[in-house]
Amino acid sequence: MRNVAVTAGVDALASRASLLRQGSLTLPPREGDLYVFGQPPGSDVNADDWSTNIVDVGPFLVAELRLGPFLVTPGLRADLFLVKGSRSTPRVGQTPGIGSSRLLPALDPRLSVSVSPVEHVTISASGGLYHQPPSAEDLGPVFGAPTLVLSRAAHASAGASVRLPAGFDVEVTGFFVSLDDLVVRSRLPTPHLAAALTQDGEGESFGVQVLARRQLRNGFYGWIAYTASRSERRYAGDTSFRLFDHDQSHVLTATAGYEWREWNFGVRFRHATGVPRTPVVDSFHDTTAGRFQPIFGTQNGTRLPSFQALDLRVQKAISVRRASVVLSLDVTNVTNQDNPEEIIYNYDFSRKSFISGLPVLAILGARVEL
Amino acid sequence: MKRRVSWGTVCLVVAGCLPAEAERESLVTGPRILAVRSEPPESKPGAPVLYEALVVTPDGDLQGAVVRWAFCAAPKPLTENGSVSTACLGDAVRPIVGASVSVTAATPTDTCSLFGPETPPGDFRPRDPDATGGFYQPVCVEALERTAFVLERITCNLPNVPLGVAVEYAERRAPNRNPKLAPLRAFVNGAPTSLDALPAGGDVRFEVGWSADDAEVYPAFDPRKQALVDQRKALRVSWYTTAGAFESDVTGRSSEDLATTVSNGWSAPDEASRVFLWLVLRDGRGGTDFARYPLDVKSPL
């Protein structure tokens, strides 16, 4: 058996985008913005059209080294991003735009180590750097910033997997992600020209994931996945983090199935913590527009209620001559759980209620395979 | 002693559901600052402006209310979607002398740099105008533990526009002026009816209008076309009352609709009473007018 295996390659990706945007700078909201669902856009308006070309060439090298009981997998990825934009500054009259063209290099070392100290038990750890180019929609000179560079993430994880009797597997993984140079809105009331967005965003996510599986045996199979995590964001220089707009503390998914002859029975249960929302603590009347405006409390200081759903599936396969017909009945949200999807307020924000998701829903389907 | 609990109370406590009419913006159930009329509605930096607030309660106007006025002194950061900076709900204000429902104050001389397109020396991003090409100085109004803002349109130069457009804009621009509400008329079963003899429980149709000159045409800079385009003002009327129920809280005419009147249905309360009605006319460029009417609802003879 070879002790070293090396893989080398090159990834290449090119994209071109032509964009037109007209309206308020503050909507749609970005991650970190204070807003409530259904809030009208700000009264400010502007317009911009621009185009971008983003080319990424990324050679990589990955080695697999067997060092005694350890499997060590070092890797190195060297990306070179070419980011071209049609305009560096907002358009004034019919003057032609002065474009920009930048080469953004990124060097991403990565390492993974795994070992099996005893039979059926594997312990692993990995870490590495990752880079991502700015989105085309963020590179406009009016609503964004054409000079945005790469965002960076450092990942680290460690875990163990155990193979148990009767076809059971259990995996436990802890993870930590540190994010830098995230694209966020400028907090300045008067930012520099073509700098409505900056890269002052920082973030981190950490948590643990547990996955327990039972492989198909005697017609029964199933798995349970549970993740406890916390994701936070802040502006560089801020002393404290706040919750990420899409943070979910607990996510649980349990699925089980049973196969009997041509029949397949499935059940799925999902639970997830509600995502954060910024509470409205008061309001004031904008007498010029004739509508109330919210006064916000602590950013992401509350959450939507948690989500739960129990789903069932029954499927039967029938052979008709040479064709196979699969009939299925899916019933989602069997318990008719009232799952809030969003907070809505009355006209002066003094009362709130929720927009709920789908009630119990049955779908009958058929698939014919010839 | 047994205490009787009505089904209505049960509904309020258990289901948290208020009667539908309590959710209507048009129904005045507590102190409100419904509108502020500034005269003129568009001013140059340093020019005096008369502000008059419409402060109401379910018992009618409060002409003698103590009102605190202040100019907002903090521009809105890009991270906020509201009409004014949250800093202006705190200390970032310049108090205006006076504590009555109307005060006169000069528009701050630095308003075009704080809230308009003027930027410090260097390459800074000018603030964006509204869809009518306007910039606004927020003025905070506080009365009866209620907070409101009025946005005074300010006369500033256009930001980052071609020279020819700037010259044409300077020649053609005219400061906005307030629209003027015509007297309210009431109809019952199609017949004109006096406001002091409206039938209890009856269906009343109100009609109000404005002058054709109020829907004026004005030039506005279109950032996509990089040119001036002519736009016509849209006008809308907000209806408020202390009892009864309107068909619509707001009625209006779009910029393409040249009609100068709007009507609204009103279900009068079942009991004979005095009801207060307020109308607020807004033109979309900061121009406002308002009117107040006492209505006498009487039982059929």
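Trainee: Into which domains is chain B divided?
Mentor: Good place to begin, and bear in mind that this is a predicted model. The domain assignment splits chain B into two parts. Their C-alpha centres lie 24 Å apart. The two are domain 1 (31–160) and domain 2 (174–301).

Trainee: How many residues does each domain of chain B bring to the contact between them?
Mentor: Here a contact is a pair of C-beta atoms within 7 Å. Counted that way, domain 1 of chain B gives 22 residues and domain 2 of chain B gives 20 residues.

Trainee: Which strand supplies the largest share of the side of domain 1 of chain B that touches domain 2 of chain B?
Mentor: Let's list the candidates: strand S1 (32–39), strand S3 (48–57), strand S4 (60–61) and S9 of chain B each supply at least two residues. By character, that side of domain 1 holds 11 nonpolar, five polar and six charged residues. The largest share is five residues, and they come from S1(B).

Trainee: What share of the residues of chain B count as buried?
Mentor: Some background on the chain helps. Chain B has three helices and 21 strands, and its C-alpha trace spans about 75 × 50 × 35 Å along the principal axes. Among contacts in chain B with a separation of 6 or more, 64% join residues 24 or more positions apart. Of its 301 residues, the buried share is 39%.

Trainee: Which are the edge strands of the five-strand open sheet in chain B?
Mentor: Follow the order S11-S10-S13-S19-S17, where the pairing is antiparallel. An edge strand here pairs on one side only. That description fits strand S11 (191–193) and strand S17 (245–246) of chain B.

Trainee: And within that sheet, which residue of S13(B) is the bridge partner of Arg185(B)?
Mentor: Strands of a sheet pair through backbone hydrogen bonds, either parallel or antiparallel. Strand S10 (residues 185–188) and strand S13 (residues 203–209) of chain B run antiparallel and are joined by four bridges. In S13(B), Arg185(B) is matched with Glu207(B).

Trainee: Turning to the two chains, which element gives the largest share of the side of chain A that touches chain B?
Mentor: The interface puts 42 residues of chain A in contact with 38 residues of chain B. On the chain A side, two or more residues each come from strand S2 (46–67), strand S14 (280–286) and strand S15 (291–296). That side divides into 19 nonpolar, 17 polar and six charged residues. The largest share, three residues, belongs to S14(A).

Trainee: Which residue of S9(B) is the bridge partner of His285(A)?
Mentor: This one crosses between the chains. S14(A) pairs with strand S9 (residues 146–154) of chain B in the parallel sense, over two bridges. The residue in S9(B) that partners His285(A) is Ala148(B).

Trainee: Why is Gln132(A) partly exposed?
Mentor: Gln132(A) sits in strand S5 (residues 121–132) of chain A. A residue needs 20 or more other C-beta atoms within 10 Å to be buried, and 12 or fewer to be exposed. Gln132(A) falls in between because the number of other C-beta atoms within 10 Å is 17.

Trainee: What separates the C-alpha atoms of Gln132(A) and Leu150(A)?
Mentor: Leaving aside neighbours within four places in sequence, Gln132(A) is in contact with Leu150(A) and Ser151(A). Gln132(A) and Leu150(A) are 18 residues apart along the chain, yet the separation of their C-alpha atoms is 5.4 Å.

How values were computed:
Residues numbered from 1 in each chain as written. Chains lettered and ligands numbered in written order. Predicted model: local features only at pLDDT ≥ 70, side-chain atom pairs only at ≥ 80, totals over all residues. Contact = placed C-beta atoms within 7 Å. Nonpolar A, V, L, I, M, F, W, Y, C, P; charged D, E, K, R; others polar. Pairing = 2+ DSSP bridges. Domains from an automatic or database assignment.
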